Amino acid sequence: MAYEVNINKMIELLSDTLSLSPDDLSADTQLIGNLPEFDSMAIVSILMQIEENFGIEIPDDELSGEVFETVQSLTEFVEIQQAATAI
């Protein structure tokens with residue numbers, strides 16, 4: 001159940017940050033190379049929003065292109081970071 005909440009929260013966060021309709025995004029939506037709005041500046045804004053909204057700090061060395069492959073991969077990354085923070 002938490003997964004669905006986080007996917008929906010991630011879609012909302014991405015749609016707000018990228019000025020897209022939430023209807024344009026799903027768990028399977030490709031991010032890098034698919035959305036023109038998803039550029040390096042957008043990534044910085046998204047990471048800041050993730051840290052604020054999900055209450056985590058994201059170490060630079062944890063980031064890779066795979067994290068930003070899809071909405072689902074980004075959400076799973078955040079969930080892993082949340083679990084690591086909870087320990």
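Contact here means heavy atoms within 4.5 Å. With that in hand, let's look at the chain as a whole.

This is a predicted model, where local features need pLDDT of at least 70, side-chain atom pairs count only at pLDDT 80 or more, and totals for chains, interfaces and linings use all residues. Residues are numbered from 1 along each chain as its sequence is written, and side-chain values use heavy atoms, with hydrogens and water left out.

**The overall fold**

The protein chain has three helices and zero strands, so in order from the N terminus you read α-α-α. Its radius of gyration is 12 Å, close to the 12 Å that the globule rule gives for 87 residues, so the chain is as compact as a globular protein of that length. (That radius is taken over C-alpha atoms, and the rule is 2.2 Å times the number of residues to the power 0.38.) Along the principal axes, the C-alpha atoms fill a box of roughly 35 × 30 × 20 Å. Among contacts with a separation of 6 or more, 63% join residues 24 or more positions apart.

Helices are DSSP runs of H or I with at least four residues, strands are E runs of at least two, and both are numbered from the N terminus.

**H2 against H3**

Helix H2 covers residues 40-54 and helix H3 residues 71-86; their axes come within 12 Å and cross at roughly 45 degrees. That makes H2 oblique to H3. (Under 35 degrees counts as roughly parallel, over 145 as roughly antiparallel, 65 to 115 as roughly perpendicular, and the rest as oblique; axes are lines fitted to C-alpha atoms, for helices over the stretch in contact, and angles run from 0 to 180 degrees between N-to-C directions.) On the H2 side, the contact is made by Ile46, Ile50 and Phe54, and on the H3 side by Leu74, Val78 and Gln82.

**Two residues to look up**

| Residue | Location | Relative accessibility | Class |
|---|---|---|---|
| Ser40 | helix H2 | 53% | exposed |
| Thr70 | loop between H2 and H3 | 12% | buried |

Buried means under 20% relative accessible area, exposed over 50%, and partly exposed in between, with a 1.4 Å probe and protein chains only. Of the 87 residues, 37% count as buried.

Leaving aside residues up to four places away in sequence, Thr70 touches Ala27, Asp28, Thr29, Gln30 and Leu31. As for Ser40, its C-alpha atom and that of Val71 are separated by 16 Å, with the two residues 31 apart along the chain.
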